[in-house]
Amino acid sequence: MNPSRGNSNARGGFARFFLSTDHKVVAIQYVMTALTMLFVGFLFMLLMRWQLAYPYQSLPFIGSWFADDHPTMPGGVITANFYNQLGAMHGTIMIFLAVVPLVAGGFGTYLVPLMIGARGLAFPRLSKLGYWCYLGGTLILLGSFFLPGGAANSGWTAYAPLSIIENAGQTTWLIGVAFVYLSSLMLSINILTTIVQLRTEGLGFMRLPYFVWSQLVTSVLLLLAFPPLAAAAAMQLMDRVVGTSFFLPSGLVVSGEALDVSGGGSALLWQHLFWFLGHPEVYVLLLPAFGIVAEVIANNTRKPLFGYKGMVHATLFLGLMSMLVWAHHMFLTGMGTAMSEFFQMTTIIISLPSVIVASSLVVSLWGGSIRFTVPMLYALAFLPMFAIGGLTGLPLAMSATNIMLHDTYYVIGHFHYVVAPGILFAVFAGIYYWFPKVTGRKMNDLLGKLHFWPTLICMNGIFSHLILQGFAGVSRRLYDGGETYAHGMEVFGLNSAATWAAFGLLVVQIFFVINFFYSMKWGQKVDSNPWEATSLEWAAPSPPLPDVNFETPPVAYRDAMTYSEEGADKDFTPQWEATS
């Protein structure tokens, strides 16, 4: 197998970037597209936060651009229907079009071949096709805003039967998600095959960097968990356009009239199929984040990870158990006590491997010679943010407390503590850490720290307030932020605090954007191993050679994290250096 087949070093400029099957080019395309979608999803969130803090008020600065008869924002005021569209598309974009493509499509596609000493991915053309499917799905989903009636407005979970009787944007949502599914399928097959088949000489499985293990389990999860949602999407599409009733029950009345369908379907069937993907999807986001943080912590403590083998085994068990917890999202659907107890038990069990991995990362700090670089700051911040997200999830694992907290802002705060200050902090750590490998230049430390500290403060300023509102019982689906909800009046003011923290978060990202693009051209030039790291990607030039990565294929002589070895003349021993 020749992983560089189909590539051409002769291509250059525009043609090379858009047509090359080099895994590094494809990964950069994933990253740039996903970062763009991250920004778009963030803007949608800002629009929603303004409406929640200042309901029925015109948007500042841009509100005057909209006429009084505008269909979605008359006079600059967000309508309830458009608010629902923003909510549905915010969740869809952030999960399917931003974070997963970043951590799996971007980091995984770029780094896995380098970390295992390979020339490229096993199926380079498949990786390019996967990216084009992802881009196609992205354009389809964004284009739905321009359809009559607008984009999907049934939530990012697309619960039936509402999603079947709503506007045409939901049909476009289903088609776009199908393209994203194809992209994920191609990506996971490629990374899984690459790890199993293309490891360099001497690189056994237990010598792999933990990041590679995290990508391996992530790929398996994508392969096994996405097909049920693909099948469900096909059935929902048939319900919408063909007239079937997979998810439509008998006797359904819409706007006072009985719906003219055969009936007999089950709306709960959609929930089961969706959440069978939905919860493994959380670990599709989380495991690569663990992998990034593990690499950064080991490098910046100058010592191996504590309990590497335990982390690997916990990760494998985590992947298995993630398939057995989906119905804890459905305690309010009336499931029997036996099933409820089963999913409570599996949800508590799955917390154990997560605690093992997180605890190993914390213990790895003990006794280390810690370097507080910008990547390390983000990696360190990831740990308490993930801990808050995990701990706030425990009450949701129990049906008795879940019933009280379900569909409140508590759920939003819990989930976002895992995904936003949690996983996104890992993403920032990875960008700052591997930027020199990708570009041959280092990002500016001062701008990096100016980006980190306000981001940490603003992230907590947003989501801590949501936790408090959830304790007060404020529903997450109130278009006016709870202004007309008597039990939410005492905490209504927290909407403004969270909203201004969100706008502050937008402002401080300017430091990252400037740093990112400035450093591409004018950043400090570095050698191939500026962090004095030990894993194989640092044996390649910076940036790695087109199509082949390494000047000569590396050989793995030891574990991937050999730091501060007793008797060594330096505090790191690269995996590719032979001992005398």
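This section describes the nonpolar core, two helix packings and the unusual backbone geometry of a predicted model.

The largest nonpolar core contains 183 residues, and the members that touch the most others are Tyr-210, Phe-290, Leu-361, Phe-382 and Ile-423. Helix α3, which spans residues 80-115, supplies the largest share of this core, with 21 residues. In soluble globular proteins, nonpolar side chains tend to be buried together. The surroundings of Ile-423 illustrate the contacts of one core member. When neighbours within four places in sequence are set aside, Ile-423 is in contact with Val-99, Val-103, Leu-285, Leu-286, Ala-289, Phe-382 and Val-418.

Ile-423 also takes part in the contact between α3 and helix α13, the latter formed by residues 409-439. The axes of these two helices lie 11 Å apart and are inclined at an angle of about 35 degrees, and the crossing is left-handed. On the side of α3, the contributing residues include His-90, Val-99, Val-103, Phe-107 and Met-115, while those of α13 include Phe-415, Ile-423, Val-427, Trp-434 and Lys-437. By class, this contact has 18 nonpolar, three polar and one charged residues.

A second packing involves helix α6 (residues 169-197) and helix α7 (residues 210-241), whose axes are 8 Å apart at an angle of about 155 degrees. Because angles over 145 degrees count as roughly antiparallel, α6 is described as roughly antiparallel to α7. The crossing of α6 and α7 is left-handed, and their contact has 20 nonpolar, seven polar and one charged residues.

Backbone geometry was examined next. The loop between α4 (124-143) and α5 (162-165) contains Pro-161, and the peptide bond leading from Ala-160 to Pro-161 is cis, with omega near 5 degrees. Ala-158 lies in the loop between α4 and α5 as well. Although Ala-158 is not a glycine, its phi is positive, at about 55 degrees. Ala-158 counts as buried because its relative accessibility is 0%.

The segment after β4 (524-525) holds a further cis proline, Pro-543. The peptide bond that joins Ser-542 and Pro-543 has an omega of about -5 degrees. Asp-547 is also found in the segment after β4, and its phi is near 70 degrees, a positive value in a residue other than glycine. With a relative accessibility of 6%, Asp-547 counts as buried, since the cut-off for this class is under 20%.

Technical notes: Residues numbered from 1 in each chain as written. Predicted model: local features only at pLDDT ≥ 70, side-chain atom pairs only at ≥ 80, totals over all residues. Heavy atoms only, no water. Core = buried A, V, L, I, M, F, W, Y, C linked by side-chain atoms within 4.5 Å. Buried < 20%, exposed > 50% of the residue type's maximum accessible area, 1.4 Å probe, protein only. Helix = DSSP H or I, 4+ residues; strand = E, 2+ residues; numbered from the N terminus. Contact = heavy atoms within 4.5 Å. Axes fitted to C-alpha atoms, helices over the stretch in contact; angles between N-to-C directions. Parallel < 35°, antiparallel > 145°, perpendicular 65-115°, else oblique. Left-handed = near helix turned anticlockwise from the far one by under 90°. Nonpolar A, V, L, I, M, F, W, Y, C, P; charged D, E, K, R; others polar.
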